[in-house]
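Visitor: Could you pick a single part of this model and take me through it closely? I'd like to hear what it touches, and then how the rest of the chain is put together.

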Amino acid sequence: MRMSRMGKGQFETFGDGLLSIFEADERCLTGTKASHIRFGSRTVGVKRYWEAKTAGNEIAYMVSIPLELLSAVSIYAGDIVVLETRTESEGNSGQYRILQIQPKYDSSPPALYLSLENLMHPYKDRRGDSG
């Protein structure tokens with residue numbers, strides 16, 4: 001008798017903090033796509049790191065967020081992520097640019113991996129400006 005095999009999918013947790021995702025144009029935050037989204041910190045693998053480095057980018061951080069967020073909002077490479085748990089007092093702005101987006105359907109629950117590049121110069125917040 002054959003026993004069904006459990007998938008080798010990874011169990012995802014989103015308990016490492018909160019993040020927000022913003023639209024940006026000309027080094028300014030222009031709109032909020034999603035706010036106060038729970039995330040989990042992920043390890044940046046050697047292959048992913050060196051592929052980005054070869055392309056002239058440097059992945060500073062990788063996070064996972066619930067995949068179901070995609071049904072509510074469109075997320076693109078180039079959007080800006082603000083990690084609410086990383087502040088300027090820690091030596092960075094907490095702002096990152098999304099370099100790569102990878103859906104993980106084989107995890108439980110399904111997740112979206114975001115590879116993030118640190119922004120050395122924070123974007124200005126122009127969401128409230130009328131023009």
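Guide: A quick definition before we zoom in: a polar contact here is a pair of N or O atoms within 3.5 Å, where one must be able to donate a hydrogen and the other to accept it. Also keep in mind that this is a predicted model.

Let's go to serine 107, which sits in the loop between strand 5 and strand 6. Buried or exposed, this serine 107? Serine 107 counts as buried because its relative accessible area is 7%, and the cut-off for buried is under 20%. Its side chain has two backbone oxygens to talk to. A polar atom of the serine 107 side chain lies 3.1 Å from the backbone oxygen of lysine 104, and the side chain also reaches the backbone oxygen of proline 109 at 2.9 Å. Once you set aside neighbours within four places in sequence, serine 107 is in contact with Gln10 and Glu12.

Now follow the chain out of that loop. Strand 6 covers residues 111-118, and leucine 116 lies in it. Leucine 116 is buried, because its relative accessibility is 0%. Leaving out neighbours within four places, leucine 116 is in contact with Glu58, Ile59, Ala60, Tyr61, Val63, Val81, Tyr96, Arg97 and Ile98. For one of those partners there's a backbone distance too: the C-alpha atoms of leucine 116 and isoleucine 98 are separated by 4.8 Å, though the two residues are 18 apart along the chain.

Two names in that contact list, Tyr61 and Tyr96, deserve a stop of their own. The structure holds one aromatic pair, and tyrosine 61 and tyrosine 96 form it: the rings are stacked, 6.1 Å centre to centre with 25° between the planes. Tyrosine 61 belongs to strand 3 (residues 61-66) and tyrosine 96 to strand 5 (residues 95-104), so the pair, 35 residues apart, links distant parts of the chain. Tyrosine 61 counts as buried at 15% relative accessibility, and tyrosine 96 is buried at 2%.

Leucine 116 also takes us into the largest nonpolar core. This core has 19 residues, and those with the most contacts inside it are Leu19, Ile65, Leu69, Ile75, Val81, Leu114 and Leu116. Which elements give two or more residues to it? They are strand 1 (17-25), strand 2 (28-42), strand 3, strand 4 (80-83), strand 5 and strand 6. Another core, of six residues, lies apart from it, with Phe22, Leu29, Leu119 and Tyr123 among them. As background, nonpolar side chains tend to be buried together in soluble globular proteins. Back in the 19-residue core, leucine 69 is in contact with Ile21, Ala34, Ile37 and Ile75, leaving aside neighbours within four places in sequence.

For a polar counterpart, try serine 20 in strand 1. Serine 20 is buried, because its relative accessibility is 6%. Its side chain makes a polar contact with the side chain of glutamate 84 at 2.9 Å. Beyond four places in sequence, serine 20 touches Ala34, Ser35, His36, Ile80, Val81, Val82 and Glu84.

Strand 1 is joined to strand 2 by eight bridges, and the two run antiparallel. Glycine 17, for instance, has phenylalanine 39 in strand 2 as its bridge partner. The hairpin of these strands has two residues between them, and glutamate 26 takes a positive phi near 50° there. Strand 2 also pairs with strand 3 in the antiparallel sense over three bridges, one example being glycine 40 with serine 64 in strand 3. With strand 7 (residues 124-125), strand 2 runs parallel and shares two bridges; leucine 29 has aspartate 125 in strand 7 as its bridge partner.

Stepping back, the chain comes to one helix and seven strands, in the order β-β-α-β-β-β-β-β. Of its 131 residues, 37% count as buried. Among contacts between residues at least 6 apart in sequence, 59% join residues at least 24 apart. The accessible surface comes to about 8300 Å², with 49% of it belonging to carbon and sulfur atoms.

Terms used. Residues are numbered from 1 along each chain as its sequence is written. This is a predicted model: local features need pLDDT of at least 70, side-chain atom pairs count only at pLDDT 80 or more; totals for chains, interfaces and linings use all residues. Side-chain values use heavy atoms; hydrogens and water are left out. Helices (H or I, at least four residues) and strands (E, at least two) are DSSP runs, numbered from the N terminus. Buried means under 20% relative accessible area, exposed over 50%, partly exposed in between (1.4 Å probe, protein chains only). Contact means heavy atoms within 4.5 Å. Accessible areas come from the Shrake-Rupley method with a 1.4 Å probe; for residues, only the protein chains shown count as cover. Rings of Phe, Tyr and Trp (its six-membered ring) pair if their centres lie within 6.5 Å; planes under 30 degrees apart count as stacked, over 60 as edge-to-face and the rest as tilted. A nonpolar core is a set of buried Ala, Val, Leu, Ile, Met, Phe, Trp, Tyr and Cys residues joined through side-chain atoms within 4.5 Å. Two strands pair if DSSP finds at least two bridges between them.
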